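Student: I should like to learn how charged side chains are read in a structural model. Could the discussion proceed one feature at a time?

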Amino acid sequence: MAEDSPKRRKANFNEAETEVLIEQVLKHEQLLFAAGPGRASPGQKRKVWELIRHKVNPVAACPRDVEDLKKR
């Protein structure tokens, strides 16, 4: 049976992570959040979120995944 170790929380976002995240989301805002006929496909959005993740992780206290970034 698997060990019953408690789940550990990830560290809070630090200031540098938050700044990079905001900068990148604003840069790609139209692609990520546009509505209507000109909106991006889910595949395009996934690629943009991965690009943002690659920009945030070098300054991150711990590795972040796309879901962490979207939630933040």
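**Charged side chains and their partners**

Tutor: Let us begin with one pair: the side chains of Lys-10 and Asp-68 form a salt bridge, with 2.5 Å from N to O. This bridge links distant parts of the chain, since Lys-10 belongs to the segment before helix 1 and Asp-68 to helix 4 (residues 66-71), 58 residues apart. Please bear in mind that the model is predicted.

Student: What is the general idea behind such a pair?

Tutor: Side chains of opposite charge can pair when their charged atoms come close.

Student: How many salt bridges does the count come to?

Tutor: The count comes to three salt bridges.

Student: Is Lys-10 buried, partly exposed or exposed?

Tutor: Lys-10 counts as partly exposed, because its relative accessibility is 39%; the partly exposed class lies between under 20% for buried and over 50% for exposed.

Student: Which side chain meets Arg-64 in a salt bridge?

Tutor: The partner of Arg-64 is Glu-17, and the N to O distance is 2.8 Å. Arg-64 is in the loop between helix 3 (42-56) and helix 4, while Glu-17 is in helix 1, so this pair ties together parts 47 residues apart in sequence.

Student: Are Arg-64 and Glu-17 buried or exposed?

Tutor: Arg-64 is buried, because its relative accessible area is 4% and the class requires a value under 20%. Glu-17 also counts as buried, at 0% relative accessibility.

Student: What does Glu-17 touch, apart from residues up to four places away in sequence?

Tutor: Glu-17 lies in helix 1, which covers residues 15-27. The residues that Glu-17 touches, with that exclusion, are Asn-12, Val-56, Val-59, Ala-60, Ala-61, Cys-62 and Arg-64. Arg-64 thus appears both among these contacts and as the salt-bridge partner of Glu-17.

Student: Over which ring does the charged end of Arg-64 sit?

Tutor: The charged end of Arg-64 sits over the ring of Phe-13, 4.0 Å from the ring centre.

Student: How is a pair of aromatic rings described?

Tutor: Such a pair is described by the distance of the centres and the angle of the planes. In this model, the count of aromatic pairs comes to zero.

Student: Where do Arg-53 and Glu-50 lie?

Tutor: Both residues lie in helix 3, three residues apart, which is about one turn of the helix. The side chains of Arg-53 and Glu-50 meet in a salt bridge of 2.8 Å, N to O. Glu-50 counts as partly exposed, because its relative accessibility is 28%.

Definitions and conventions. Residues are numbered from 1 along each chain as its sequence is written. This is a predicted model: local features need pLDDT of at least 70, side-chain atom pairs count only at pLDDT 80 or more; totals for chains, interfaces and linings use all residues. Side-chain values use heavy atoms; hydrogens and water are left out. Helices (H or I, at least four residues) and strands (E, at least two) are DSSP runs, numbered from the N terminus. Contact means heavy atoms within 4.5 Å. A salt bridge is a side-chain nitrogen of Lys or Arg within 4 Å of a carboxyl oxygen of Asp or Glu. Buried means under 20% relative accessible area, exposed over 50%, partly exposed in between (1.4 Å probe, protein chains only). Rings of Phe, Tyr and Trp (its six-membered ring) pair if their centres lie within 6.5 Å; planes under 30 degrees apart count as stacked, over 60 as edge-to-face and the rest as tilted. A charge sits over a ring if NZ of Lys or CZ of Arg is within 6 Å of the ring centre and within 35 degrees of the ring normal.
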